[in-house]
Amino acid sequence: MSDRILSFLGLAEKAGKVETGGFAVEKAVKDGKAKLVLVAADASDRTKKSLSDMCSYYHVTMKIYAGKESLGNATGKAERSCAAITDSGFAKALEEKLTEEKDR
């Protein structure tokens, strides 16, 4: 995996700090555990809107990045439309990497 952001997501997964899939991400956000939510760029518009509304309501940062296959591969699972980072340190570092990527 050459993508630094996806590699970092994989590291967070190995540390047990990532929840993936719609139900797990929703539970993490509603329980106050999610610090950052990543949504696949190729997720359905309904999924993006639903997650965006929920993250906005619960004051959780949401970023759109990569595709479902890439998010799944990074976390060692099948395709995933979303992932929630549950550790503030990993979330902050991932947000910084996403900002660097966007600024390039």
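Helices, counted as H or I runs of at least four residues, and strands, counted as E runs of at least two, are DSSP runs numbered from the N terminus. In those terms, the place of Tyr58 is in the loop between H3 and S3. The model is a predicted one, and the exercises below move from the whole chain to its sheet and then to single residues.

**Exercise 1. Describe the order of the elements and the overall dimensions of the chain.**

Step 1. The secondary structure comes to five helices and four strands, and read from the N terminus the elements follow the order α-β-α-β-α-β-α-β-α. The radius of gyration is 12 Å, close to the 13 Å that the globule rule gives for 104 residues, so the chain is as compact as a globular protein of that length.

Step 2. Along its principal axes, the C-alpha trace spans about 35 × 30 × 25 Å. Of the 104 residues, 38% count as buried, and the chain exposes about 6,000 Å², of which carbon and sulfur atoms supply 47%.

Step 3. If contacts are restricted to residues at least 6 apart in sequence, 79% of them join residues at least 24 apart. As for charge, the mean positions of the 18 positive and 16 negative charges are 3 Å apart.

**Exercise 2. Work out how the strands pair, and state for each pairing whether the strands run parallel or antiparallel.**

Step 1. Begin with S4 (residues 82-85), to which strand S1 (residues 18-20) is joined by three bridges in the antiparallel sense. Within this pairing, Thr20 has Ala83 of S4 as its bridge partner.

Step 2. Strand S2 (residues 36-39) is also antiparallel to S4, and four bridges join the two. Here the bridge partner of Leu38 is Ala83, so that Ala83 serves as a partner to Thr20 and to Leu38.

Step 3. S2 pairs with S3 as well, over four bridges, but in the parallel sense; in this pairing Val39 stands opposite Ile64 of S3.

**Exercise 3. Decide whether the two faces of S2 and of S4 are covered or open.**

Step 1. In a regular strand the side chains alternate between the two faces of the sheet.

Step 2. In S2, Leu36 and Leu38 are on one side and Val37 and Val39 on the other, and all of these are buried, which leaves both faces covered.

Step 3. In S4, Cys82 and Ala84 are on one side and Ala83 and Ile85 on the other; these too are all buried, and both faces of S4 are covered.

**Exercise 4. Classify Tyr58, His59 and Val60 as buried, partly exposed or exposed, and list the contacts given for Tyr58 and Val60.**

Step 1. The cut-offs are under 20% relative accessible area for buried and over 50% for exposed, with partly exposed in between. Tyr58, at 33%, therefore counts as partly exposed; His59, at 74%, counts as exposed; and Val60, at 12%, counts as buried.

Step 2. His59 is placed in the loop between H3 and S3, and Val60 is found in the loop between helix H3 (45-57) and strand S3 (61-64). The phi of His59 is near 60°, a positive value in a residue other than glycine.

Step 3. Not counting residues up to four places away in sequence, Tyr58 touches Val29 and Lys30. With neighbours within four places likewise left aside, Val60 is in contact with Val29, Ala34, Lys35, Leu36, Val37 and Cys55.

Step 4. Val60 and Val29 are 31 residues apart in sequence and 7.3 Å apart in space, C-alpha to C-alpha, whereas Tyr58 and Leu71 are 13 residues apart in sequence and 23 Å apart in space.

**Exercise 5. Locate Ala66 and Lys48, and describe the backbone of Ala66 and the surroundings of Lys48.**

Step 1. Ala66 lies in the loop between S3 and helix H4 (68-74). Its phi is near 60°, a positive value in a residue other than glycine, and with a relative accessible area of 22% Ala66 is partly exposed.

Step 2. Lys48 is found in helix H3. Apart from neighbours within four places in sequence, Lys48 is in contact with Val39, Ala40, Ala41, Ala43, Met62 and Ile64.

Step 3. Lys48 and Ser81 are 33 residues apart in sequence, and their C-alpha atoms are 9.0 Å apart in space.

Conventions: Residues are numbered from 1 along each chain as its sequence is written. This is a predicted model: local features need pLDDT of at least 70, side-chain atom pairs count only at pLDDT 80 or more; totals for chains, interfaces and linings use all residues. Side-chain values use heavy atoms; hydrogens and water are left out. The radius of gyration is taken over C-alpha atoms; the globule rule is 2.2 Å times the number of residues to the power 0.38. Buried means under 20% relative accessible area, exposed over 50%, partly exposed in between (1.4 Å probe, protein chains only). Contact means heavy atoms within 4.5 Å. Accessible areas come from the Shrake-Rupley method with a 1.4 Å probe; for residues, only the protein chains shown count as cover. Lys and Arg count as positive and Asp and Glu as negative; His and the chain ends are not counted. The place of a charge is taken as NZ of Lys, CZ of Arg, CG of Asp or CD of Glu. Two strands pair if DSSP finds at least two bridges between them.
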